[in-house]
Each structure stands twice: as C-alpha cells, then as structure tokens.
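Open the model in your viewer and have the selection panel ready. The tour moves from one stop to the next.

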2 protein chains.
Amino acid sequence: MGMPEEAAVARIGEELALLPADLSEEPGSVALVGAGPGDPGLLTLHAARALESADVILHDALVPDGILGLARREARLLSVGKRAGRASVDQDLTNRLMETFARRGLRVVRLKGGDPFVFGRGGEEAAWLRERGIAVRVIPGITAAMGVAAELGLPLTHRGAARSLRLVTASCRTRAETEAMDWRSMADPGTTLAIYMGRDRIACVAEALAAAGLSPATPAVAVENGTQPGSRHRFAELRRLASTVRELDASAPVLVVIGDAVALAPGWRGRDGLLEPAVPAARERLCAAGAC
Amino acid sequence: MGMPEEAAVARIGEELALLPADLSEEPGSVALVGAGPGDPGLLTLHAARALESADVILHDALVPDGILGLARREARLLSVGKRAGRASVDQDLTNRLMETFARRGLRVVRLKGGDPFVFGRGGEEAAWLRERGIAVRVIPGITAAMGVAAELGLPLTHRGAARSLRLVTASCRTRAETEAMDWRSMADPGTTLAIYMGRDRIACVAEALAAAGLSPATPAVAVENGTQPGSRHRFAELRRLASTVRELDASAPVLVVIGDAVALAPGWRGRDGLLEPAVPAARERLCAAGAC
C-alpha cells in the first residue's frame with residue numbers, strides 16, 4: 001500500500017479520535033445502500049432513512065450532491081471508490097474504513113451508485129465485512145437501466161419485442177477480453193441489452209455484436225447522466241452507435257441500451273433534438289409483430 | 001367485451017358522476033409507478049409522493065396494503081390487472097379506466113408490482129395512453145431480483161462468479177413454447193439468471209437449462225413473497241430445484257435465481273432452517289476462481 005492511502009487512514013484516525021468515546025459502546029453496523037441512478041427522488045424510502053441516520057457515509061465519487069444533502073449535518077462524508085488506475089488499492093482502503101468505523105460503534109452507510117449488487121462490488125464488500133463479524137444490511141437501489149428506461153419511456157421488456165433483459169459490462173479492450181465474452185448469446189434479438197460503463201468500449205461492443213449476428217439495424221440509445229439534470233441521450237441504429245456516442249462527447253458514465261424495444265421509446269423517430277434521422281425499419285418489424 | 005367489464009365501467013361512471021366537476025378543468029395525467037417488490041420501504045421517494053397526491057390508484061392485485069396505505073384518504077383505489085384466464089380483457093379495461101379518469105382531469109397512478117418496464121406490460125399501457133394524447137410519466141421501481149438479492153445478501157454480479165445478470169420469464173408449458181426459448185444462451189455459467197413468475201414452470205426450466213449444458217450442480221434459490229413479512233426461500237442445486245420449489249408449497253409468485261453467485265449468499269451452506277443440505281461443489285469452484 002502506498003503513502004497516499006496510509007495518509008488517508010491516518011487522517012481518518014485523527015478524525016476518529018475526536019469522536020465522542022461513548023459512541024463506541026454500541027455495536028456498529030454497515031448498510032450497503034443503493035443511491036440509484038442519480039435523481040434523488042429515485043432513492044428508496046429505506047435508503048433515505050439510512051442516509052438521514054448515518055454517522056459516516058462512504059460514497060462513490062459520482063453520487064450527486066442532491067443525494068448527499070440528505071445526510072445529517074453531523075454526519076461525516078467521505079468520497080471513496082474507484083478512480084482510474086487505483087481501483088484495487090481504493091477497494092482495500094474502503095473495506096478497512098468501513099470496518100474501522102463500524103468497530104467504533106458508528107452507523108456506517110456505504111453509498112453506491114445504482115444497486116449495490118449490480119456491478120457495484122457490493123458482494124465483495126459484504127463478504128469482507130461478514131468475515132470480520134460486522135453486521136451488514138443491503139438496501140437495493142434503482143439500477144441505471146431501469147432509471148434510464150423510465151426517463152425515456154423505453155420498455156425494457158415488451159410483448160413481441162423483448163422477452164428478456166440482460167445487464168452486462170462489456171470487456172473488449174484486448175483480444176483476450178473480447179474472446180472471453182459470449183457475444184453470440186448477447187446477440188439475441190429477443191433480448192434488451194443494457195451495457196454499463198460502455199462509453200470507451202462501445203465501438204468494439206457494437207462491432208462484436210454485429211459480427212455475432214445481431215442486425216446492424218437494431219435500435220440503440222446511449223445515455224449520459226441519466227435521470228439527472230444534465231441528462232443527454234442519442235438514439236442510433238447499432239451500425240451508427242459508435243460514431244453517435246463519439247458525437248455525444250460524454251464526460252460522465254454512459255449507459256447504452258440495445259434492442260428492438262428501444263424503437264418503442266417516444267423519442268425514437270426524431271421527436272428529440274439530439275436524435276439521429278429516423279430509421280423506420282425496426283419499428284416496422286415491431287409493428288408487423290403486433291408490438292406497436 | 002363481456003358483462004362483468006361493462007358493469008365495472010358503469011360503476012366507475014357512477015363514481016365519476018359524484019366527483020366535483022371542477023376537477024375536470026385541469027389536464028389529467030397518468031403516472032405508471034413501480035411499487036417495488038413488496039416492502040413499502042423499497043418504494044422510491046417519487047413513487048411515495050405520487051401515491052400521496054393521486055386522485056385514483058389503479059393497482060395490481062398483489063400490491064400489499066402497506067403500500068396502498070400511503071394513498072390519501074380521499075383517493076379512490078381500484079384493483080386491476082391480471083387474474084387467471086382473463087388477462088387480455090382486464091388489460092383493455094385497465095387501459096380504458098386510465099384514459100377515462102385522466103380525461104376527467106384526475107391525477108391517476110397506475111401502480112404496478114416491481115418496475116413498470118420489466119415484465120409489467122408498462123410499455124403497452126404507456127403506448128396506449130400516448131396514442132390518445134394523454135400525458136404519461138414513468139416512475140421506476142425496485143424489481144424483484146434486486147429486492148430479493150438485497151434481502152438474501154446475494155450479489156447478482158460478482159468478480160469471478162457472474163459477469164452479467166439476466167431477467168427472464170420462462171415459457172415452457174408446451175413443446176412449442178419450450179422450443180422458442182434460447183436455452184443455450186441462458187445456460188451461461190457466467191450469468192446470474194433471475195426467473196420471474198417461475199413457480200409453475202420451474203421443473204421444465206431446470207430441465208431445459210440442464211439439457212442446454214448448465215451444470216446440474218449450479219446453485220439456485222427460490223423465493224416467495226420476497227422482502228415482505230411472509231418471505232420464505234429455499235436454496236438448492238439446479239438438479240434439486242424443482243422438488244425444492246414443490247416443498248416450498250408457495251401460493252404467491254416465486255422468483256428463482258440461478259447461478260454460481262447464489263453460493264455467495266450467507267444462507268447457502270446451512271445457516272438457514274429452510275436450507276437444503278450443504279453442497280460445497282459450487283463454492284469450491286468459486287473459491288478456486290478467486291471469488292470468495
């Protein structure tokens with residue numbers, strides 16, 4: 001472990017020394033809490049209550065201020081979690097901070113974007129704490145796919161268009177990563193595919209899906225800052241998805257949804273300023289199948 | 001359309017005649033609201049506010065009283081949605097009720113279990129209303145898979161165990177239905193499979209997945225009334241899943257989760273009175289892969 005983390009732990013230690021001693025006489029606990037996709041109104045009631053009563057909140061860097069503002073004035077807020085190139089060390093530090101605070105008898109909230117058990121490493125954090133005898137509670141959150149779908153009016157499953165929904169992170173930056181993915185099973189026209197953390201990889205994802213047999217005319221949408229005030233999205237057919245995402249010039253994480261059901265969103269077909277030109281092929285296929 | 005529905009509409013019409021006339025001077029609207037998996041604390045803040053301000057709530061039969069209790073005393077509550085053998089007629093009636101109430105200027109909430117856009121027919125209802133010029137807003141909900149996963153401490157994705165999550169409804173009651181499903185793509189050991197409305201079909205699902213190559217030792221869990229006071233669950237390997245679900249003797253909908261990540265739930269391996277005998281094979285595989 002390098003110096004920056006040691007320094008962080010030392011700082012936290014100093015903070016802890018300032019806490020009232022009697023706090024440590026009650027048993028502490030950790031709640032892994034889903035912050036949802038960004039809109040504070042999409043927190044669950046349980047999540048809001050956990051934030052309101054927490055002594056310490058260890059939150060992902062991307063959780064918006066509107067959500068952190070639900071914390072008590074006395075609560076200590078710390079931004080933890082992944083930053084580029086430091087993921088594994090940060091995870092270790094996060095684990096140790098949760099343990100340290102809980103052992104001091106504090107009510108700890110580990111606040112994670114989306115749902116803690118969907119691409120959130122919540123399973124690793126829960127296991128780590130349980131192995132050390134620390135009580136863990138998990139409060140689910142609205143995951144990005146559902147948040148964005150509601151925002152766009154895009155049904156994730158739909159009779160005649162999508163019988164199932166699949167949430168994936170795509171790994172295709174190296175040939176080995178690409179070959180390890182089961183693209184053929186993902187290239188299923190009856191499934192809506194939600195691709196998390198897709199911004200940098202969408203070109204190779206789109207290429208791999210098309211190579212695996214998914215129609216290049218399959219409707220898709222890329223969404224940045226979904227459910228938040230700065231929400232932006234672009235629709236495109238799969239064949240133009242990569243260049244469309246580049247035009248979006250996103251700085252925040254992008255969620256990509258691919259599948260025939262995307263054409264059922266009211267924005268598909270040009271009612272939105274950010275839209276690609278209308279491409280009616282997918283909608284016609286859907287209507288022929290009785291789905292519109 | 002048969003008599004019972006006509007009678008229902010007539011009753012509603014009488015109800016409407018009793019409403020203050022000035023209500024109809026404001027434009028009405030419909031919110032499709034996700035009620036989540038059952039625990040009222042898993043409603044989103046937006047959903048709770050929508051319920052608190054609704055004039056009329058058209059709710060699925062299975063939405064618990066604890067959630068309906070959030071409605072204003074003056075709100076009219078109507079149970080709609082699917083009952084055995086009457087699904088399509090009911091859907092038509094539900095659509096017309098939403099339209100009728102909205103045209104009267106009322107704030108209508110269509111309250112659906114889980115998330116409106118995941119196996120909820122929310123897409124059909126939204127399209128139907130939009131085609132008639134009625135404003136529709138969608139408020140997402142915690143879907144059963146995430147609710148149940150949080151309750152059981154079961155990570156739906158996990159490094160080394162599950163790279164993706166797939167939500168499906170299984171259709172296998174007839175040979176044609178079974179043959180229409182892409183079992184090979186579902187039998188992916190790197191994916192966690194959440195099967196909705198699985199109670200009556202779990203025997204043929206388990207059989208089809210095993211026939212498509214999924215290991216019969218794959219861990220699974222069946223959950224009835226997840227996140228609610230009457231929540232019950234049973235763990236089992238895939239090979240014993242069907243008989244285990246029969247023992248559960250469920251009367252409510254059952255959610256089934258299948259995949260190596262299920263073995264990471266703390267209840268797997270006998271800490272729960274309802275458990276199958278411990279079957280360490282899956283956990284050993286996971287530990288060998290560095291996932292525990």
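Select β6 in both chains of this predicted model. β6(A) and strand β6 of chain B, residues 164–169, pair in the antiparallel sense. The pairing runs over five bridges. Now pick Leu165(A). Opposite Leu165(A) stands Leu167(B), in β6(B).

**The contact between the chains**

Widen the selection to everything that touches across the two chains. You should pick up 50 residues from chain A and 49 residues from chain B. Between chain A and chain B, about 4000 Å² is buried. Carbon and sulfur atoms give 60% of that area.

Next, turn on side chains and look for charges. Chain A and chain B are joined by four salt bridges. One to display is Arg159(B) with Glu124(A), whose side chains meet at 2.9 Å, N to O. For polar contacts between chain A and chain B, the count is 24 residue pairs, both residues at pLDDT 80 or more.

Now color the chain A side by element. Those that give two or more residues to the side touching chain B are α2 (45–53), α5 (122–131), α6 (144–152), β6 (164–169) and α8 (183–186). β6(A) gives the most, with six residues. Recolor by class: this side of chain A has 24 nonpolar, 14 polar and 12 charged residues.

**A stop at Thr157(A)**

Go to the loop between α6 and β6 of chain A and select Thr157(A). Is Thr157(A) buried or exposed? Its relative accessibility is 9%, so Thr157(A) counts as buried, the cut-off being under 20%.

Show what surrounds Thr157(A). Leaving out residues up to four places away in sequence, Thr157(A) touches Ala162(A), Ser164(A) and Leu165(A) in chain A. From chain B, Thr157(A) touches Phe117(B), Val118(B) and Phe119(B). Leu165(A) is the residue you saw opposite Leu167(B).

Zoom in on Phe119(B). Its backbone nitrogen lies 2.7 Å from a polar atom of the Thr157(A) side chain. Then draw a line from Thr157(A) to Val262(A), C-alpha to C-alpha. These atoms are separated by 9.8 Å, while the residues are 105 apart along the chain.

**Chain A as a whole**

Zoom out and show chain A as a cartoon. Chain A has 11 helices and 10 strands. How much of chain A is buried? Buried residues make up 57% of its 292 residues.

Finish with a contact map of chain A. Take the contacts between residues at least 6 apart in sequence: 70% of them join residues at least 24 apart.

Key. Residues numbered from 1 in each chain as written. Chains lettered and ligands numbered in written order. Heavy atoms only, no water. Contact = heavy atoms within 4.5 Å. Buried area = accessible area lost by both parts, 1.4 Å probe. Polar contact = N/O pair within 3.5 Å; in protein donor to acceptor, adjacent residues only side chain to side chain. Helix = DSSP H or I, 4+ residues; strand = E, 2+ residues; numbered from the N terminus. Nonpolar A, V, L, I, M, F, W, Y, C, P; charged D, E, K, R; others polar. Pairing = 2+ DSSP bridges. Buried < 20%, exposed > 50% of the residue type's maximum accessible area, 1.4 Å probe, protein only.
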